[in-house]
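Visitor: Could you take me on a close look at the place where the ligand sits? I am new to this, so please explain the terms as you go.

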Amino acid sequence: MTTAPQEWPRPAPPEALASAHAAGMRLTIDLDALVRNWRRLAGRTAPAECAAVVKADAYGIGVSHAVPPLVSAGCRTFFVALPEEGARLRAFAPEAAIYVLNGFFPDAAALFGGAALRPVLGHRTELEAWAARGGGPAALHVDTGMNRLGFRPEEAEALPADLVARAGIDLVITHMACADEPDHPLNAAQLARFRALPAQLSGVRRSLANSAAIDLGRAYHFDLVRPGIALYGGGCRPGGRSETVVTAEARILQVRAAPAGETVGYGATEKLARDTRIAILSAGYADGYPRSAGRGALPPAAVAIGGRAVPILGRISMDLIAADITGLPSGAIRPGDWAELFGPTIPIDEAAAASGTIAYELLTGLSRRAARRHLGGEGG
Ligand SMILES: *Cc1c(COP(=O)(O)O)cnc(C)c1O
């Protein structure tokens with residue numbers, strides 16, 4: 001089966017455009033914290049194997065930076081969404097098992113073969129196409145309650161054992177819909193359906209847990225766990241905290257004052273209740289900081305200056321954010337200083353919640369305009 005993967009133009013590699021000294025937004029990515037997060041999860045879930053989900057360029061932090069230290073730390077299995085992501089990952093993880101969550105499509109056969117990728121197969125036609133091509137290590141996805149990808153349990157039940165064997169199935173996975181809500185009844189229901197899988201799949205390794213499902217307890221760990229967001233410092237429930245990996249900061253361009261009664265920003269949505277000192281930051285929605293964090297956000301969005309949280313004023317512009325610094329000592333803040341958008345003072349989950357979104361979307365939406373600096377990662 002030959003394909004021509006060059007027919008469509010490929011996206012530019014996800015390198016940052018900006019240099020740190022000229023940037024408006026800068027991202028500091030702590031690879032040692034990433035490795036500590038992985039090690040902590042691996043320790044908590046042993047003897048299950050701890051994989052790493054690195055789809056979407058490792059949730060935006062950069063596969064080329066994130067993967068080598070994870071490999072050195074002992075991570076042997078990775079998950080991506082797409083075959084191109086897997087082919088790119090292969091250069092940084094030559095020995096690893098790489099599973100492609102969105103499965104096998106014949107157009108991409110050359111990528112699967114060339115980079116020894118393992119598809120996660122989710123319906124009969126796809127399974128047959130993989131087997132017809134000779135099979136090879138692959139995962140089977142069983143949908144236990146999400147109605148997204150995967151065989152329904154009764155479809156998995158009906159699979160001929162010889163087809164499963166010819167396809168080379170070496171892992172069975174399912175994915176949880178509500179693992180971030182520990183009391184949701186669907187959690188136990190999905191667990192029960194996954195446990196009841198049919199005989200032709202017994203003896204094959206099993207994997208259920210994403211980051212949040214790891215916190216549901218040992219019964220959810222099976223043979224292999226698949227954390228993503230917890231590696232990158234997000235998606236945390238109290239008690240399950242992972243360390244901050246990504247810090248986003250914006251350059252302060254101006255410090256100004258405006259009297260009570262005036263308004264700030266587009267739409268004049270923010271009417272000042274008091275005389276106000278304002279810092280103008282060089283970041284906006286074009287950098288991936290959501291416009292929905294602006295005026296009206298619930299809970300209110302904040303940035304931090306000098307380690308203290310201060311509220312955002314008015315709407316987020318494409319390239320600018322206004323912050324209320326009236327409560328900070330006057331003279332303490334100057335143009336050229338940096339304000340934290342999220343990081344050690346403003347947890348990424350809180351910054352995301354203030355924009356009506358989740359840390360996953362915030363991380364994967366950070367734009368190429370931000371300068372990126374990676375710390376550590378040599379220790380392994
Ligand atoms: C993205 C994804 C994961 C990782 O989820 P997190 O919530 O980021 O830990 C695991 N499994 C599947 C199937 C996924 O799509």
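Guide: Here is a walk around the ligand, followed by a short look at the domains and the cysteines. This is a predicted model, in which local features need pLDDT of at least 70 and side-chain atom pairs count only at pLDDT 80 or more, while totals for chains, interfaces and linings use all residues. Residues are numbered from 1 along each chain as its sequence is written, and side-chain values use heavy atoms, with hydrogens and water left out.

Let us start with the shell. The ligand is surrounded by 13 residues, each having a heavy atom within 4 Å of it. The closest are K55, Y59, S211, I229 and Y360. By type, the shell holds six nonpolar, four polar and three charged residues. Here Ala, Val, Leu, Ile, Met, Phe, Trp, Tyr, Cys and Pro count as nonpolar, Asp, Glu, Lys and Arg as charged, and the others, Gly among them, as polar.

Now look at some polar contacts, meaning pairs of N or O atoms within 3.5 Å. R226 places a polar side-chain atom 3.0 Å from a nitrogen atom of the ligand. For N210, a polar side-chain atom is 3.1 Å from a ligand oxygen atom. In H175, an N or O atom of the side chain lies 3.4 Å from a nitrogen atom of the ligand. On its own, the ligand has 380 Å² of accessible area, and the protein covers 93% of that; such areas come from the Shrake-Rupley method with a 1.4 Å probe.

Stepping back, an automatic or database domain assignment divides the chain into domain 1 (31–232) and domain 2 (246–375). Their C-alpha centres are 37 Å apart. Nine residues of domain 1 are in contact with eight of domain 2, where contact means heavy atoms within 4.5 Å.

Finally, the cysteines. There are zero disulfides here, a disulfide being a pair of cysteine sulfur atoms within 2.5 Å. The sulfur of C50 has its closest cysteine sulfur in C75, but at 6.6 Å that is too far for a bond.

Methods
Polar contact = N/O pair within 3.5 Å; in protein donor to acceptor, adjacent residues only side chain to side chain.
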